[in-house]
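Dear colleague,

I am passing on the structure we spoke about, together with some notes on what I found when I went through it. Please look it over first, and then read on below.

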Amino acid sequence: YIDTAWRSIGRALDRVPGVIAVLQNHNGRSGAEQLFQAADRNRDERIGIEFSPDHVMVMQEDVFGLMRRNAKHIHKVCFADRRVVREGLARLEGGYYHDRFVSCPIGEGIVPFR
C-alpha cells in the first residue's frame, strides 16, 4: 500500500508546483526502513521522510544506521523523547514482557540527540 500511496501523492503534487510532502515513520504504522525502501523504489524527490527517532527506537530499528544510509530522503526530523516505563515490568503478559514507552521532555528520555 505504501507504493500506491506514494504514487497518489506524486499525482497530487503534479497539480501543485513547488509543494513537497513528507511521510512520517510511526510506531505501530510504517517503520522508517519501510518508508526509506519505498522512497528508493519510487524516486520522487518531492516526497520525503519526516524522520522520527523516538518512533524508530520504539520500533526497535537502528536510529543511526537508518540516518546514515538514508540521509538523502530525510526532509524533516521530528524531535521528541521517550522514557521506558519501569512500573509493572515484573508482570508477564501472555508469556512476554512488554517494554512500554511514554513521551517525556526532550533530554529526559532515551533518544540519543547528541
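In what follows, a residue is called exposed when its relative accessible area is over 50%, buried when it is under 20%, and partly exposed in between. Please keep in mind throughout that this is a predicted model.

By that cut-off I106, which is found in the segment after β5 (100-104), counts as exposed, because its relative accessibility is 56%. I106 also belongs to a nonpolar patch on the surface, which it forms with V77 and F79, and the three together have about 300 Å² of accessible area.

As for the overall layout, the protein chain holds 4 helices and 5 strands, and from the N terminus on these elements run α-β-α-β-α-α-β-β-β. Of the 114 residues, 32% count as buried, while the accessible surface of the protein chain comes to about 7,500 Å², with 52% of that belonging to carbon and sulfur atoms. Among the contacts in the chain with a separation of 6 or more, 70% are accounted for by residues 24 or more positions apart.

Helix α2 (residues 32-42) deserves a closer look, and its buried residues are A32, L35, F36, A38 and A39. Seen down the axis of α2, these buried residues fall within an arc of 160°, so they line one face of the helix. The general background is that an α-helix has 3.6 residues a turn, so residues three or four places apart point the same way. What covers the buried residues of α2 includes the helices α1 (2-14), α3 (53-58) and α4 (63-70), as well as the strands β1 (21-24), β2 (47-51) and β3 (74-77). Just after α2, R43 takes a positive phi of about 50°.

On the other side of the sequence from R43, in the loop between β1 and α2, lies G28, which counts as exposed at 57% relative accessibility. The C-alpha atoms of G28 and H55 are separated by 8.9 Å, although the two residues are 27 residues apart along the chain.

Turning to charged side chains, the count comes to 6 salt bridges, and three of the pairs are described here.

- The side chains of D14 and R46 meet in a salt bridge (2.9 Å, N to O). This pair links distant parts of the chain, with D14 in helix α1 and R46 in the loop between α2 and β2, 32 residues apart. D14 counts as exposed at 53% relative accessibility, whereas R46 counts as partly exposed at 27%. D14 and R46 are also linked with D44 in a network of salt bridges.
- The side chains of E33 and R69 meet in a salt bridge as well (3.6 Å, N to O). E33 lies in helix α2 and R69 in helix α4, so the pair ties together parts that are 36 residues apart in sequence. E33 is partly exposed, at 28%, and R69 is exposed, at 53%.
- The side chains of R82 and D54 meet in a salt bridge (3.0 Å, N to O). Here R82 in strand β4 (residues 81-85) is linked with D54 in helix α3, 28 residues apart. R82 is buried, with a relative accessible area of 11%, and D54 is buried too, at 3%.

Lastly, on the cysteines, the structure holds 0 disulfides. C78 is partly exposed, with a relative accessible area of 23%, while C104 counts as buried at 15%.

With best regards

Terms used: Residues are numbered from 1 along each chain as its sequence is written. This is a predicted model: local features need pLDDT of at least 70, side-chain atom pairs count only at pLDDT 80 or more; totals for chains, interfaces and linings use all residues. Side-chain values use heavy atoms; hydrogens and water are left out. Buried means under 20% relative accessible area, exposed over 50%, partly exposed in between (1.4 Å probe, protein chains only). Helices (H or I, at least four residues) and strands (E, at least two) are DSSP runs, numbered from the N terminus. The arc is that of the directions from the helix axis to the C-beta atoms. Contact means heavy atoms within 4.5 Å. A disulfide is a pair of cysteine sulfur atoms within 2.5 Å. Patches are made of residues with over 30% relative accessible area and no salt bridge: like charges are joined within 9 Å, nonpolar side chains (Val, Leu, Ile, Met, Phe, Trp, Tyr) within 5 Å. Accessible areas come from the Shrake-Rupley method with a 1.4 Å probe; for residues, only the protein chains shown count as cover. A salt bridge is a side-chain nitrogen of Lys or Arg within 4 Å of a carboxyl oxygen of Asp or Glu.
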